[in-house]
Amino acid sequence: MPLYKSISVNSQTTVKIWKIEESYDVLFEPLDLKPQSLSRVLSMKSELHQRGFLSVRHLLREFGYTDQDLFYDDNGKPHLKDGKHISITHSFTFSGVIVSDKEVGIDIEKRRDKIVKIAHKFVDYEFNYIKPTDKDYINRLTIIWGIKESLYKLFATPGMLFNKHFLVIPFMMKDGETVAWIDYNNKKYRYNTAFFEFDEFMCAYVVP
């Protein structure tokens, strides 16, 4: 399946999501990968990860880019040669890319009950408004994780802690958006966030 969803966030920002249904060979055949990318995909032990990697390159093509237009800095953050900002995610059978004139972050997560066991590792302030007895507790935990993962990708600074440096303002699933803050080194940064559910997955993205 080609493009699954395209979202025009604003005049400067677009999100595109791919549902990974193709085989490795079908995904690989039309791509022109640079040597580093070819070496990386061939070294992956999981075919699911390989297909995720290749599907991201197909999403790049949807934006008018090629693998040669993408590079990574020392912190592992992706960049585009034309100076636009990009963030990348893939989870199981979906991948996503957000491109903008501004710094951005995106994350896709599969809804899984086991997130409850690790909630204390990424939630602190948010426990003031979400409780294990909430009927949508797992969904909101997943969104909080996705927003914080997106913030981490955007800021790309080693040493940041999800439960200490990132705050997600109270929200309900029906809202589809909220505000998040990074509080780091005595500085505060405010971000607009959006999120949605699809096929047992959650997608969250952040923009300044």
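This passage describes a predicted model, moving from its strands to helix α5 and then to its charged pairs and unusual backbone angles.

We begin with the strands. Strand β1, residues 3-10, and strand β2, residues 13-19, run antiparallel and are joined by six bridges. Two residues separate β1 from β2, and the pair forms a hairpin. For readers who wish to find the register in the viewer, a handy reference point is Ser8, whose bridge partner in β2 is Thr14.

Further along the chain, five strands make up an open sheet in the order β7-β11-β10-β9-β8, with antiparallel pairing. Its edges are β7 (105-110) and β8 (166-168), each of which pairs on one side only. From one strand to the next, the twist averages 25 degrees. As general background, strands of a sheet pair through backbone hydrogen bonds, in either a parallel or an antiparallel manner. At the β7 side of this sheet, six bridges join β7 to the antiparallel strand β11, residues 201-207. Here the register can be read from Lys110, whose bridge partner in β11 is Phe201.

Helix α5 accompanies this sheet. The helix lies across β7, β8, β9 (177-184), β10 (187-198) and β11, and runs at about 40 degrees to β11. A simple check on its geometry is available: at 1.5 Å a residue, the 19 residues of α5 should span 27 Å, and the end C-alpha atoms are indeed 27 Å apart, so the expected and modelled spans agree. The helix is also mostly covered, with 16 of its 19 residues buried. Just after α5, Ala156 takes a positive phi of about 50 degrees.

One residue of α5 deserves a closer look. Lys148 lies within this helix, which covers residues 137-155. Despite its charged side chain, is Lys148 buried or exposed? Its relative accessibility is 0%, and because buried means under 20%, Lys148 counts as buried. Leaving aside residues up to four places away in sequence, Lys148 touches Phe122, Val123, Glu126, Phe162, Asn163, Phe166 and Val168. Two of these neighbours also meet its side chain through polar atoms. The backbone oxygen of Phe166 lies 3.1 Å from a polar atom of the Lys148 side chain. Glu126 forms a salt bridge with Lys148, the closest N and O atoms being 3.1 Å apart. This pair links distant parts of the chain: Lys148 sits in α5 and Glu126 in the loop between α4 (115-122) and α5, with their positions 22 residues apart in sequence. Glu126 is likewise buried, as its relative accessible area is 0%.

Turning to charged pairs elsewhere, the model has a count of 12 salt bridges. Side chains of opposite charge can pair when their charged atoms come close. Arg140 and Asp134 provide one example, their side chains meeting in a salt bridge at 3.1 Å from N to O. Arg140 is buried, with a relative accessible area of 4%, whereas Asp134 is partly exposed at 24%. In another pair, Arg111 forms a salt bridge with Asp113, and the closest N and O atoms are 3.6 Å apart. Arg111 counts as partly exposed at 30% relative accessibility, while Asp113 counts as exposed at 51%. Salt bridges also join into a network, which links Lys19, Glu21 and Asp199.

The last features concern the backbone. Most residues other than glycine have a negative phi. Against that background, which loop holds Asn186? Asn186 lies in the loop between β9 and β10, and its phi is near 65 degrees, a positive value in a residue other than glycine. With 82% relative accessibility, Asn186 counts as exposed. The loop between β10 and β11 holds Glu200, which has a positive phi of about 70 degrees although it is not a glycine. Glu200 is exposed as well, with a relative accessible area of 53%.

Terms used:
Residues are numbered from 1 along each chain as its sequence is written. This is a predicted model: local features need pLDDT of at least 70, side-chain atom pairs count only at pLDDT 80 or more; totals for chains, interfaces and linings use all residues. Side-chain values use heavy atoms; hydrogens and water are left out. Helices (H or I, at least four residues) and strands (E, at least two) are DSSP runs, numbered from the N terminus. Buried means under 20% relative accessible area, exposed over 50%, partly exposed in between (1.4 Å probe, protein chains only). A polar contact is a pair of N or O atoms within 3.5 Å; within protein, one must be able to donate a hydrogen and the other to accept it, and residues adjacent in sequence count only if both atoms are side-chain atoms. Contact means heavy atoms within 4.5 Å. Two strands pair if DSSP finds at least two bridges between them. A salt bridge is a side-chain nitrogen of Lys or Arg within 4 Å of a carboxyl oxygen of Asp or Glu. The expected span of a helix is 1.5 Å times one less than its number of residues. Axes are lines fitted to C-alpha atoms, for helices over the stretch in contact, and angles run from 0 to 180 degrees between N-to-C directions.
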